[in-house]
Amino acid sequence: MFSGWTRTLHEISIFHHPTSPPSVKALGLLRSALSAPYPPGKGSAPLQFNLEVVESPPNADQLSTILSFLPSRDSAQSLTSAFLSAHPSAAGSSDGASAATVSRLGMDRPSAFKWPVVVDWNAGRASVGDVEGVKGILELLRQKRDGETGKE
């Protein structure tokens with residue numbers, strides 16, 4: 001009867017690096033979706049979600065969870081292939097590296113990490129190093145706002 005009162009906003013985190021162009025673009029998209037009509041030029045209102053900006057890579061537990069949130073075509077990936085770039089600074093990283101090792105490498109050598117990592121914790125969706133994936137997360141929020149989907 002009062003289910004509208006219990007709705008919570010989606011919690012979205014962006015693990016952001018300010019020198020990464022895709023990360024800067026993704027953060028701009030997220031902030032714009034919160035402050036201006038979405039989609040731009042067509043939307044009637046901004047999206048509503050809580051945005052957390054973290055300027056470090058996810059910790060080991062978060063990496064494991066985020067890996068499980070990646071689209072099914074990507075879910076068989078190892079941690080290293082999902083989160084580390086082919087940048088020379090990632091050389092020497094083993095394909096069987098632990099989540100703690102991958103997180104530490106992201107801290108020690110940011111150019112080796114795929115930025116940004118954007119996570120919708122409520123919907124169990126994530127995008128790694130891909131601005132298009134961020135647009136997909138925002139589109140699902142728009143569909144929910146506009147009543148085009150019954151899914152959370």
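Before we start clicking, one term: two residues are in contact when they have heavy atoms within 4.5 Å of each other. You'll want that for the packing around helix 2. Also keep in mind that this is a predicted model.

**Stop 1: helix 2**

Select residues 60-69, which make up helix 2. Now colour its buried residues: Leu-63, Ile-66, Leu-67 and Phe-69. How wide an arc do they cover around the axis? Only 155°, which puts them on the same side of helix 2.

Next, show what those buried residues pack against. Two helices are among the partners: helix 3 (79-83) and helix 4 (99-108). The partners also include strand 1 (10-15), strand 3 (117-120) and strand 4 (125-128). Then spin the view to the other side of helix 2, where you'll find Asp-61 and Ser-68 exposed.

Before you leave, pick Asn-59. This residue caps the N-terminal end of helix 2. Show its side chain and look for an oxygen that lies 3.1 Å from the backbone nitrogen of Asp-61. So Asp-61 turns up twice at this stop: its backbone nitrogen is part of the cap, and the residue is exposed.

**Stop 2: the aromatic rings**

The structure holds 3 aromatic pairs. Select Phe-83 and Phe-113 for one of them, a stacked pair with 6.2 Å from centre to centre and 20° between the planes. Where in the chain do Phe-83 and Phe-113 sit? Phe-83 is in helix 3, while Phe-113 belongs to the loop between helix 4 and strand 3. They are 30 residues apart, and the pair links distant parts of the chain.

Now keep Phe-113 and add Trp-115. These two rings form a tilted pair, 4.8 Å centre to centre with 55° between the planes. Are Phe-113 and Trp-115 buried or exposed? Phe-113 has a relative accessible area of 3%, so it counts as buried. Trp-115 is buried too, at 6%. Show the three residues together and you have one aromatic cluster: Phe-83, Phe-113 and Trp-115. Phe-83 is also buried.

**Stop 3: Ser-23**

Leave Trp-115 on screen and add Ser-23. You'll find Ser-23 in helix 1, residues 21-35. Its relative accessible area is 0%, so Ser-23 is buried.

Which residues does Ser-23 touch, not counting residues up to four places away in sequence? Click through Ile-14, Phe-15, His-16, His-17, Trp-115 and Pro-116. Zoom in on His-16 in particular: a polar contact of 2.6 Å joins its side chain to that of Ser-23.

**Stop 4: a hairpin**

Go to strands 3 and 4, which you met as packing partners of helix 2. Strand 3 and strand 4 run antiparallel, and 4 bridges join them. For a matched position, select Val-117 and look across to Val-128 in strand 4, which stands opposite.

While you have the strands up, here's a rule of thumb for looking at side chains. In a regular strand they alternate between the two faces of the sheet.

What lies between strand 3 and strand 4? The two strands form a hairpin with 4 residues between them. Pick Gly-124 in that turn, where phi is positive, at about 65°.

**Stop 5: charges along helix 5**

Finish with the salt bridges; the structure holds 5. Select Lys-135 and Glu-132, whose side chains meet at 3.2 Å, N to O. How far apart are Lys-135 and Glu-132 in helix 5? They are 3 residues apart in this helix (residues 131-145), so about one helical turn separates them. Lys-135 is partly exposed, at 31% relative accessible area.

Move along to Arg-142 and Glu-139, another salt bridge, this one at 2.6 Å from N to O. Here again the two are 3 residues apart in helix 5, which means about one helical turn. Arg-142 counts as buried at 10% relative accessibility, whereas Glu-139 counts as partly exposed at 27%.

Last pick: Arg-145 and Asp-146, in a salt bridge of 2.7 Å, N to O. Arg-145 is partly exposed at 29%, and so is Asp-146 at 35%. Now select Glu-139, Arg-142, Arg-145, Asp-146 and Glu-148 together: salt bridges that share partners join them into one network.

Note on methods. Residues numbered from 1 in each chain as written. Predicted model: local features only at pLDDT ≥ 70, side-chain atom pairs only at ≥ 80, totals over all residues. Heavy atoms only, no water. Salt bridge = Lys/Arg side-chain N within 4 Å of Asp/Glu carboxyl O. Buried < 20%, exposed > 50% of the residue type's maximum accessible area, 1.4 Å probe, protein only. Arc of directions from axis to C-beta. Polar contact = N/O pair within 3.5 Å; in protein donor to acceptor, adjacent residues only side chain to side chain. Phe/Tyr/Trp six-rings, centres within 6.5 Å; stacked < 30°, edge-to-face > 60°. Pairing = 2+ DSSP bridges.
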